[in-house]
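User: I'm new to this structure and would love a close look at its open and enclosed spaces. Could you walk me through the main pocket and what surrounds it?

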Amino acid sequence: MEQAPEAILNVLIIGAGQIGAFYDTPQDVAILTHAHAFTADPRFRLVGFYDAQPSRSQQAQARWGGQAFSSVAAAFQNQAIDIACITAPDEVHAELLQKLATYPVQLVFCEKPLATDLNQADRILSLYQQQSIALAVNYTRRYVPQLQTLRRNIQTGRYGDFIGGCGMYGKGLLHNGSHLLDLVQFFVGTLSPVADHKSIGETIYDYTESDPSVSALLESTRQKQFYLKAIDSRLYTLMEIDLMFERGRIRLSECCRQLEIFDIAPDPLFAGYQGLRPTSCEMTDYTRALAFAADNLYQALRHGAPLLCSGRDALQTLKLCKSLI
């Protein structure tokens, strides 16, 4: 007996910018945009784009297909929208999330951060729960299979207890630093600032006045410290994480695309001492993270799978970021 074909879900992209449409093309192997992720998967139909600048919607339509809509209302007028993606600037996320809650959409997939205001984010989560609309957020690295496996290995104790770490980033705590903090919390659990965290680090205005890059000292629920270091993104782009465990070390570099694992081994020169030796180094499937995200959204809507990054997850990260500014 042949299986029935899987239902096709209609997708609208709101915000025809780089992450929405222009970081890649249909011919590229890497999947770096929402448009590419949903057009490359036959379980989805991209109905089109809406952007506050009509010319951008038209350019995105020319590259990816669908329609260029004059408004969100126009997109919903003549067809069902199952998934709406918000890929507009950070400062309008809350406004768009509130607007979409008035339409018959099943799931909203929002770029990070969830909002720039904590109270707004809280209200949005309550609103979406009341309206029975699923809410997912694109903390991209959560969707990478190798990093999901790494998280399982950490949580099952393969490396022993977390004993400390550090991370470096730039281009705004909310805009880019939240990616780093979300991933660290994904691995080792809740972080919180130490009481005098602001006295140990600098603030760099390398993105916007309202979203600087800050350095801070954090700690885990077991009082193990994590140092967050801001690096001026006007010099170069950087995102790295170094996590130390009782039985090894985990290092993520190349904007967290490269994963290195270090195990404990005897020092080759000095008898009786132990050091850390690299046992594996691989490039993750980060360049297909949005394709994995699209699959997770489909599995959540059609088969009840849990969202890998829910609105609740994103709110926890936002609360941590706001505690540091």
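**A look at the largest pocket**

Analyst: Happy to help! The largest pocket has a volume of about 1,200 Å³. Of the 45 residues that line this pocket, Ile-19, Tyr-23, Lys-112, His-175 and Asn-176 are the closest to its centre. Please keep in mind that the model is a predicted one.

Now to the elements around the pocket. At least two lining residues each come from helix H1 (18-22), helix H8 (173-188), strand S9 (203-208) and helix H9 (289-303). H8 gives the largest share of the lining, with 4 residues. Sorted by class, the pocket lining has 17 nonpolar, 17 polar and 11 charged residues.

What about enclosed space? Rolling a probe the size of a water molecule over the atoms shows where empty space is left. The structure holds 1 cavity of 30 Å³ or more, and the largest cavity has a volume of about 40 Å³. Its walls are formed by Tyr-139, Thr-140, Arg-141, Arg-142, His-179, Asp-182 and Leu-183. That cavity lining divides into 2 nonpolar, 2 polar and 3 charged residues.

Finally, a stop on the surface. Leu-269, Phe-270 and Tyr-273 make up a nonpolar patch there, and together they have about 420 Å² of accessible area. Tyr-273 sits in the loop between strand S15 (258-266) and strand S16 (274-283). Tyr-273 counts as exposed because its relative accessibility is 56%, and the cut-off for exposed is over 50%.

Methods:
Residues are numbered from 1 along each chain as its sequence is written. This is a predicted model: local features need pLDDT of at least 70, side-chain atom pairs count only at pLDDT 80 or more; totals for chains, interfaces and linings use all residues. Side-chain values use heavy atoms; hydrogens and water are left out. Patches are made of residues with over 30% relative accessible area and no salt bridge: like charges are joined within 9 Å, nonpolar side chains (Val, Leu, Ile, Met, Phe, Trp, Tyr) within 5 Å. Accessible areas come from the Shrake-Rupley method with a 1.4 Å probe; for residues, only the protein chains shown count as cover. A salt bridge is a side-chain nitrogen of Lys or Arg within 4 Å of a carboxyl oxygen of Asp or Glu. Buried means under 20% relative accessible area, exposed over 50%, partly exposed in between (1.4 Å probe, protein chains only). On a 1 Å grid over the protein atoms alone, a cavity is a set of points where a 1.4 Å probe fits but cannot get out, and a pocket is an open set with protein on both sides within 12 Å along at least five of seven lines; lining residues have an atom within 4 Å of a point. Grid points are joined across faces, edges and corners, and a volume is the space filled by probe spheres set on the points. Ala, Val, Leu, Ile, Met, Phe, Trp, Tyr, Cys and Pro count as nonpolar, Asp, Glu, Lys and Arg as charged, and the others, Gly among them, as polar.
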